[in-house]
Amino acid sequence: MTEPAEGPTKQTVPAWSRGWLEIRQLATGRGNCALIIAPDGTSYVVDVGESHREARSSTAPKPDGSRRPGEWAARYIARHLPEGGRDRIDYLIATHLHGDHIGEVGGENGVTGPASADGSYVLTGIPDLAQHLEIGMLVDRAFPSYDYPQSLEDPTVSNYRNFVQARVHGGGSVARIEVGATDQLAPRTDPQAFPGFSVRGLAANGVVWAGSGNHTRSLFPDLDQLPPDQYPTENMCSLALLFSYGAFRFYTGGDLPFATADGAESWRDIETPVARAAGPVDVAVLNHHGYVDADGPEFVRALRPQVFVGSGWDSCHPTIEVLARLLDRRLYPQDREVLVTNMMEENRIVNRRLDECGSDEGHIVIRVAPGGSTFEVNILDNSDEEDRLLKTFGPYQSGRARR
Ligand SMILES: [Zn+2]
């Protein structure tokens, strides 16, 4: 196991520079959010979560509750975007339409953000981020109809849809993810400069990349064979992405589950075929934050990463069973590190193996060196905006499981 250099110190990680791939999993305490900067400087944001779960069972907002999660995320992202482009993101991608990924409206704590300038939506999560930073293209799983597997109408989705409508009316670009393709999310700043870098739409809406070219296959049964109460869930429809840079691979897949009602409905295991389509990776974000219905044995075995990244914000992130599986060397024998953005003390009471995680609080920053053959992982303090370096893991050689 790699020994981290313990902090805290006053240093932070070097700013992104051309040729590096940088992946920053933010620790806002309120849901999923990641900033990814491609070797040419193209920027990707995956989700801007704002969960309104009550404090008893979820982590505190970070750095604190004085700003909304989307505001904190916008400020973090702006100070780490490449110099000269700090007010603009090329791609903002919503993995699926839940509040801890796009921004909740209503919910348990009842807090509601301010209205947008035109009054048509509330500033939360993605709409909040878009208030602060210009977005080149918004990509989700359901644009433009938002009717699969059935019309999506709850307050959180309605708010997001109103934001999308306002954006379209204002001439903004919005698209549905193209599964299998690598050209939809292609680098934009200097597209020809780094041919070893790509972003593939790996899965969405039960369609998964077939493993070659742009070919895909469908995993869900025809909806007309199912009663509406057995339709695929929103989590099952999550989009997944595979980032590649030379030998380096990174997987992120929203809240894809594997639970099959104890074998009664095998088609509901979506994450296994998606993980197999990805193949071994170097860094994998846990599906569904490490919750009980996700990160099954075949997910662990197929991806076999050197580093698991958990986007934690709830007392079940990760659960005992999931953590045991992540650490199980019978699933794959090599070393691995489990890092979680935010963890609740309450989780430790029942899940003592959490001490085996390399980090339980802080932004997780993966820096992939030019060419992609090596990377390191850094943990940054999330209690303020100084971004102090707390720990470093690595360097790692990319592509371990594919050699
Ligand atoms: Zn989630």
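**Aromatic cluster, sheet and nonpolar cores**

Ring pairs join Tyr44, Tyr91, Phe197, Phe243, Tyr245 and Phe250 into a cluster. The model examined here is a predicted one. Across the whole structure, a search finds 14 aromatic pairs. In the pair formed by phenylalanine 197 and tyrosine 245, the ring centres are 6.4 Å apart and the planes stand at 75°, so the pair is edge-to-face; planes over 60 degrees apart are placed in that class. Phenylalanine 197 belongs to strand β7 and tyrosine 245 to strand β10, so the pair ties together parts that are 48 residues apart in sequence. Phenylalanine 197 has a relative accessible area of 5% and is buried. Tyrosine 245 is also counted as buried, at 4% relative accessibility; the cut-off for this class is under 20%.

Two further aromatic rings have an arginine over them. The charged end of arginine 336 sits over the ring of tyrosine 332, 3.8 Å from its centre. Arginine 367 lies over the face of tryptophan 20, at 4.2 Å from the ring centre.

The strands were examined next. An open sheet of 9 strands follows the order β6-β5-β4-β3-β2-β1-β15-β16-β17, and its pairing is mixed. Strands β6 (173-176) and β17 (389-397) are at the edges with a single partner strand each, so one side of each has no neighbour in the sheet. On average, neighbouring strands of this sheet are turned by 15° against each other, direction ignored. Within the sheet, β4 (residues 88-93) and β5 (residues 134-140) run parallel and are joined by 5 bridges. Arginine 88 has glutamate 134 as its bridge partner in β5.

Helices also pack on these strands. Helix α1 (residues 69-80) lies across β1, β2, β3, β4, β15 and β16, and runs at about 15° to β2. Helix α4 (residues 155-169) packs on the sheet as well, where it touches β5 and β6; the direction of α4 makes about 125° with that of β5.

In soluble globular proteins, nonpolar side chains tend to be buried together. In this model, the largest nonpolar core has 40 residues, of which Leu202, Tyr251, Val274, Leu303, Phe308, Leu326 and Val338 touch the most other members. At least two residues of this core come from each of β7, β8, β10, α5, α6, α7 and β14. Leaving aside neighbours within four places in sequence, the contacts of leucine 202 include Val179, Trp209, Leu242, Tyr251, Val274 and Ala278. A second, separate core has 38 residues, among them Ala204, Phe250, Val285 and Val368.

Notes
Residues are numbered from 1 along each chain as its sequence is written. This is a predicted model: local features need pLDDT of at least 70, side-chain atom pairs count only at pLDDT 80 or more; totals for chains, interfaces and linings use all residues. Side-chain values use heavy atoms; hydrogens and water are left out. A nonpolar core is a set of buried Ala, Val, Leu, Ile, Met, Phe, Trp, Tyr and Cys residues joined through side-chain atoms within 4.5 Å. Buried means under 20% relative accessible area, exposed over 50%, partly exposed in between (1.4 Å probe, protein chains only). Helices (H or I, at least four residues) and strands (E, at least two) are DSSP runs, numbered from the N terminus. Contact means heavy atoms within 4.5 Å. Two strands pair if DSSP finds at least two bridges between them. Axes are lines fitted to C-alpha atoms, for helices over the stretch in contact, and angles run from 0 to 180 degrees between N-to-C directions. Rings of Phe, Tyr and Trp (its six-membered ring) pair if their centres lie within 6.5 Å; planes under 30 degrees apart count as stacked, over 60 as edge-to-face and the rest as tilted. A charge sits over a ring if NZ of Lys or CZ of Arg is within 6 Å of the ring centre and within 35 degrees of the ring normal.
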